Amino acid sequence: MTNKEINKVIMKYLGTAYKFNGESLKEGLDCANLCVLVAKDLGINIPNINHTLHTESSYSVLFNIRDDIALWKQSEPKFGTLCVFKINGEIKHVGFMVNENDFIHIMENSKVTVDTLSSVQWVRRLVGCYEYIGSKLEI
């Protein structure tokens, strides 16, 4: 995928408002649904992580990664990986890497934006980046 194609997808989402459990540009998005939709638009298939994100007591994004460890692997930051962050000491934010240094995301009470992973604000909160590597096989 070219930078021009990636930028076109990013531009589609920039400025979209936050909505808890939101699933569309029109109604608003939360961080997990944003990642799933951006990935889909970029031709990357990742599972919907939002349904459990909001029901886990820890509000954790890593539940899918822990439960399906064979399906996710920790990765260096790169295009297509999810970057997981701690906010106020809890794992509860996720972004989608659009290249090796920048990620698209949305925070509560804000709008979709692109930030630099190496900025002081984000590097200290980063738990890790994770790449989806496949679906479970039914046996």
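This passage describes salt bridges, a covered helix and a buried loop residue in a predicted model.

It is convenient to begin with the charged pairs. Side chains of opposite charge can pair when their charged atoms come close. In this model the count comes to three salt bridges. One of them brings together the side chains of lysine 12 and aspartate 41, with an N to O distance of 2.8 Å. This pair links distant parts of the chain, since lysine 12 belongs to helix H1 and aspartate 41 to helix H2, 29 residues apart. Lysine 12 has a relative accessible area of 45% and is therefore partly exposed. Aspartate 41, at 29% relative accessibility, likewise counts as partly exposed.

Glutamate 131 is a good place to turn next. Its side chain meets that of lysine 73 in a salt bridge of 3.9 Å, N to O. Here too distant parts of the chain are linked: lysine 73 sits in strand E3 (residues 72–75) and glutamate 131 in strand E8 (residues 126–132), 58 residues apart. Lysine 73 is partly exposed, because its relative accessibility is 41%. Glutamate 131 also forms a salt bridge with lysine 78, where the closest N and O atoms are 3.2 Å apart. In this case strand E8, which holds glutamate 131, is tied to the loop between E3 and strand E4 (82–87), which holds lysine 78; the two residues are 53 residues apart. Through shared partners, the salt bridges join Lys73, Lys78 and Glu131 into one network. Lysine 78 has a relative accessibility of 34%, so this residue counts as partly exposed.

Helix H2, already met through aspartate 41, deserves a look of its own. The helix spans residues 31–41 and is mostly covered, with eight of its 11 residues buried. The buried positions in H2 are Cys31, Ala32, Asn33, Leu34, Cys35, Val36, Val38 and Ala39. Just after the helix comes glycine 43, whose phi is positive, at about 80°.

Finally, the loop that follows helix H1 (3–13) and leads to strand E1 (23–24) contains threonine 16. Is this residue buried or exposed? Threonine 16 has a relative accessible area of 8%, which falls under the 20% cut-off, so the residue is buried. Its surroundings can be listed residue by residue. When neighbours within four places in sequence are left aside, threonine 16 is in contact with Ser24, Leu25, Gly28 and Leu29, and also with Ile106, Ser110, Lys111 and Val112.

Note on methods:
Residues numbered from 1 in each chain as written. Predicted model: local features only at pLDDT ≥ 70, side-chain atom pairs only at ≥ 80, totals over all residues. Heavy atoms only, no water. Helix = DSSP H or I, 4+ residues; strand = E, 2+ residues; numbered from the N terminus. Buried < 20%, exposed > 50% of the residue type's maximum accessible area, 1.4 Å probe, protein only. Contact = heavy atoms within 4.5 Å. Salt bridge = Lys/Arg side-chain N within 4 Å of Asp/Glu carboxyl O.
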